[in-house]
Amino acid sequence: MRVEELDLYNVHIRYDGIIDCLSDGFGPITISKEVGIPILMNKVRDGHTIVMTIVNEEVVATATGFIERKIIHAGVAKYKAEKGASSVIHIEDVATRTDKRGNGYGAACIKALHEVAKDEGCYKSIFDASI
């Protein structure tokens, strides 16, 4: 098992696996590859971090993180301003293949996004989930 970050070079390779995970987690994804791949590429270009847990070269879980630069805490964290200490990470779209649940694959994605947040100097994470 390894966690891999989606980038502009592997989006074509990993697209089907990500869509399978999201479909298992949220219901059928019905957009075509011709539409979906550019959407994912734009998310990566816009600063979203999309991670995947890979087992035997298969995407078994995915999650998305987005760092929000906040202005309200900027004065408190001057000493870490170079790392964006007034930032938070929003974690959403966590999904694991139905037949792979219970193995910690989704948790591995969340942990990887927390590492991204630490590297960026975020002071907290916000887990966005449907109710």
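Q: What relative accessible area does Asp20 have?
A: This is a predicted model, in which local features need a pLDDT of at least 70 and side-chain atom pairs count only at 80 or more, whereas totals for chains, interfaces and linings use all residues. Residues are numbered from 1 along each chain as its sequence is written, and side-chain values use heavy atoms, leaving out hydrogens and water. On the scale used (buried is under 20% relative accessible area, exposed over 50% and partly exposed in between, with a 1.4 Å probe and protein chains only), Asp20 counts as partly exposed, because its relative accessible area is 35%.

Q: Which residue forms a salt bridge with Asp20?
A: A salt bridge is a side-chain nitrogen of Lys or Arg within 4 Å of a carboxyl oxygen of Asp or Glu, and by this rule the count comes to 10. For Asp20, the closest N and O atoms of the pair are 3.7 Å apart, and the partner is Arg97. The pair links distant parts of the chain, 77 residues apart, since Asp20 is in helix H1 (residues 11–26), while the loop between strand S4 (87–96) and helix H3 (105–119) holds Arg97.

Q: How many residues apart are Asp24 and Arg97?
A: Asp24 forms a salt bridge with Arg97, their closest N and O atoms being 3.0 Å apart. Asp24 lies in helix H1 and Arg97 in the loop between S4 and H3, and the distance along the chain is 73 residues.

Q: Is Arg97 buried or exposed?
A: The side chains of Arg97 and Glu58 also meet in a salt bridge, at 3.6 Å from N to O. Because Arg97 is in the loop between S4 and H3 and Glu58 in strand S3, this pair ties together parts that are 39 residues apart in sequence. With a relative accessible area of 18%, Arg97 is buried.

Q: Which residues line up on the buried side of H2?
A: Helices are DSSP runs of H or I with at least four residues, and strands are E runs of at least two, numbered from the N terminus. Seen from its ends, H2 has 13 residues that should span 18 Å at 1.5 Å a residue (counting one less than the number of residues), and its end C-alpha atoms are 18 Å apart, which agrees. The buried residues fall within an arc of 135° (taken from the directions from the helix axis to the C-beta atoms), so they line one face of the helix. These residues are Gly36, Ile37, Leu40, Met41 and Val44.

Q: Which exposed residues does the opposite face of H2 carry?
A: Val35 is placed in H2 (residues 33–45) and, at 43% relative accessibility, counts as partly exposed. The face turned away from the buried side carries the exposed residues Glu34 and Arg45.

Q: Where in the protein is Ala63 found?
A: Ala63 is buried, with a relative accessible area of 0%. Its C-alpha atom is separated by 9.4 Å from that of Ala112, 49 residues apart along the chain. The element that holds Ala63 is strand S3 (residues 58–69).

Q: Which strand has the highest mean pLDDT among the elements?
A: The protein, with three helices and five strands, averages a pLDDT (the predictor's confidence in each residue, from 0 to 100) of 89, and 88% of the residues score at least 70. Strand S5 (residues 124–127) has the lowest mean, 92, while the highest, 98, belongs to strand S2 (residues 49–55).
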